[in-house]
Amino acid sequence: MTQLSNKTKDSCNWDSIVIGSGLGGLVTASQLASKGAKVLVLEQYKIPGGSGGSFKRKGFTFDVGASMIFGFGNKGYTNLLTRALKDVGQKCETIPDPTQLAYHLPNQLEISVDRDYQKFITKLINLFPHEEKGIKHFYETCWDVFNCLDSMPLLSIEDPAYLMKVFFKSPLSCLGLARWLPVNAGDVAMRYIKDPDLLRFIDIECFCWSVMPANLTPMINAGMVFSDRHYGGINYPKGGVGVIAEKLVKGIKNLGGEIRYKSRVKKIIFEKGNAIGVSLENDEEIFSKTVVSNATRWDTFGGQGIKSPLVATENKPTSEKKWENRYIPSPSFLSLHLGVNVDSIPANTHCHHLLLDKWEEMDKEQGVTFVSIPTLLDPTLAPSGSHIVHAFTPSSIDNWDGLSNKEYLAKKKEDGDKLISKLERLFPNLSQNILHKEIGSPRTHKRFLARNKGSYGPIPSMRLPGLLPMPFNTTKINGLYCVGDSCFPGQGLNAVAFSGYACAHKIGTKLGMNKWELPE
Ligand SMILES: NC(=O)c1ccc[n+]([C@@H]2O[C@H](COP(=O)([O-])OP(=O)(O)OC[C@H]3O[C@@H](n4cnc5c(N)ncnc54)[C@H](O)[C@@H]3O)[C@@H](O)[C@H]2O)c1
Ligand SMILES: CC(C)=CCC/C(C)=C/C=C/C(C)=C/C=C/C(C)=C/C=C/C=C(C)/C=C/C=C(C)/C=C/C=C(\C)CCC=C(C)C
């Protein structure tokens with residue numbers, strides 16, 4: 001363990017400081033607290049959850065970003081949100097969504113993804129009968145990957161002792177996963193499917209959560225998403241997505257941990273090359289045995305235009321350069337939070353929708369429209385007689401930076417109106433039924449989520465071998481760990497929850513706090 005000077009040791013009250021209360025940070029902190037560690041979470045904003053938070057306005061509870069929640073099942077090992085809450089004595093009441101998503105695609109291609117796997121596969125085969133074999137092969141391969149993941153306790157694959165134990169427990173699953181680590185979903189799709197329209201459908205199936213086409217989307221993640229939606233299912237937490245973060249905070253506090261809001265970390269403090277604490281914007285210094293950054297890797301180490309990263313340039317490990325060359329920030333989002341009259345949304349509507357007018361617009365500025373209407377599942381989120389419509393579309397901050405205030409407000413209005421008129425394809429007369437409207441631009445996301453360029457997360461800058469190049473939680477700096485979507489296995493609440501489990505496990509090993517047995 002790091003040899004700290006006496007002065008530092010005296011003021012070192014914490015086993016771990018976690019910078020940021022996104023789901024990645026909170027799962028790390030709650031897992032550490034459950035191991036008996038003393039944890040402090042420092043959050044720059046006034047509520048927990050980051051992209052997975054909720055905010056209240058005029059009687060509406062709006063989700064900040066995340067709205068389609070995986071990992072809330074009640075069986076197997078991949079239900080990491082259920083497990084993380086349970087480990088700190090908490091539980092979320094959830095509402096099962098009968099449909100993951102309704103696609104409204106070019107050439108009148110309309111299909112919804114049912115919770116029931118056979119129902120969905122039959123519908124897809126009816127649309128592409130000549131590809132029956134290919135469809136079955138592709139989605140069954142996803143199940144193979146998922147079954148490997150779901151059959152083993154998920155902790156840090158950086159830890160040789162864990163790998164050895166899990167290998168003895170589930171050797172075939174480990175070998176199965178090792179095989180899929182360097183593979184992308186597109187490679188598998190192309191092996192089995194020839195119809196270009198069906199391959200485009202597989203692309204949008206991937207794009208809607210990875211913001212990349214299938215040939216850049218890791219197969220392990222595709223296996224996870226395309227199977228868990230039918231296995232654990234998509235389940236909405238009653239009271240809003242932010243309830244997950246609130247409950248994790250409650251669990252952390254019950255176990256003696258602390259969270260401080262409006263506490264922006266300015267710098268990580270170093271002594272003899274080791275991370276030993278943090279300094280806040282008000283220059284307060286807090287010391288700890290370990291430091292975890294839930295900020296993006298660019299905000300942590302610099303690069304992609306970040307001028308003042310948490311790690312000063314002279315302490316930046318050269319290995320981080322590799323990451324910067326391989327991954328770039330995906331675009332941010334233009335998001336619309338609407339309160340609307342209940343009559344403007346038919347009662348039998350699905351909760352989540354994806355609209356795309358032309359295939360070539362899939363990865364273009366404001367090309368795909370995502371829609372979530374959580375009040376169809378949980379009416380308590382809005383005053384009676386109204387619904388929430390949360391719509392978002394990818395947008396790059398480059399189109400928003402450098403505008404004068406007047407130009408910025410005008411663009412927000414113009415692009416917001418365009419998005420509303422796209423929604424009118426599903427809900428005619430929506431614009432006449434709006435009771436409340438908030439528009440978030442990439443600048444809003446950058447500011448409130450403290451994410452570089454307001455990015456949704458890192459995407460490969462080139463074709464990479466699946467998940468293999470994604471960094472784990474340890475960094476080349478002794479005492480400093482990273483967690484969240486710039487770590488293995490990437491974006492998604494369930495993915496960052498895995499990253500949190502793995503991070504806490506690595507720190508637990510360092511601090512001698514891990515149990516020898518694998519979790520049940
Ligand atoms: N399922 C969905 O529909 C959906 C939609 C949008 C986003 N998401 C997912 O949410 C995930 C995000 O999770 P995450 O945990 O990686 O990150 P996050 O961005 O949600 O959380 C990071 C937190 O750190 C805080 N922070 C950053 N810098 C700080 C600093 N210097 N000092 C103090 N606090 C600081 C931020 O305020 C934020 O609360 C993404 O992977 C994304 O895919 C899911
Ligand atoms: C020993 C040997 C031999 C070897 C080794 C191997 C191994 C063991 C390996 C392992 C591996 C692992 C563990 C892995 C893991 C993984 C994981 C966990 C993953 C996860 C994932 C998840 C995901 C991806 C998710 C995602 C999700 C998302 C992102 C979502 C999103 C959504 C959205 C955005 C929505 C939109 C839409 C609408 C609204 C419409």
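## A tour of the enclosed cavities

Start by selecting α9 (196-210) and β19 (458-460): each of these elements supplies at least two residues to the lining of the largest cavity. Of the two, keep β19 highlighted, since the largest share of that lining, three residues, comes from this strand. Bear in mind as you go that this is a predicted model.

Next, bring up Met212, Pro218, Asn221, Pro489 and Gln491 as sticks. Among the 19 residues lining the largest cavity, these five are the closest to its centre, so they make a handy place to centre your view. The space they look onto has a volume of about 170 Å³.

Now colour by domain. Which domains each give at least three residues to this lining? They are domain 1 (6-56 + 64-92 + 238-325 + 467-511) and domain 2 (118-233). Then switch to colouring by residue class: you should find 12 nonpolar and seven polar residues around the largest cavity, with no charged ones.

How many cavities of 30 Å³ or more does a search of the whole structure find? There are two, which leaves one more stop on the tour.

For that stop, select Ser156, Ile157, Phe472, Asn473, Phe488, Phe498, Ser499 and Ala502, the residues that line the second largest cavity. The space inside comes to about 40 Å³. Keep the class colouring on here too: five of the lining residues are nonpolar and three are polar, and again no charged residue takes part.

Key: Residues are numbered from 1 along each chain as its sequence is written. Chains are lettered from A and ligands numbered from 1 in the order in which they are written. This is a predicted model: local features need pLDDT of at least 70, side-chain atom pairs count only at pLDDT 80 or more; totals for chains, interfaces and linings use all residues. Side-chain values use heavy atoms; hydrogens and water are left out. On a 1 Å grid over the protein atoms alone, a cavity is a set of points where a 1.4 Å probe fits but cannot get out, and a pocket is an open set with protein on both sides within 12 Å along at least five of seven lines; lining residues have an atom within 4 Å of a point. Grid points are joined across faces, edges and corners, and a volume is the space filled by probe spheres set on the points. Helices (H or I, at least four residues) and strands (E, at least two) are DSSP runs, numbered from the N terminus. Ala, Val, Leu, Ile, Met, Phe, Trp, Tyr, Cys and Pro count as nonpolar, Asp, Glu, Lys and Arg as charged, and the others, Gly among them, as polar. Domain bounds come from an automatic or database domain assignment.
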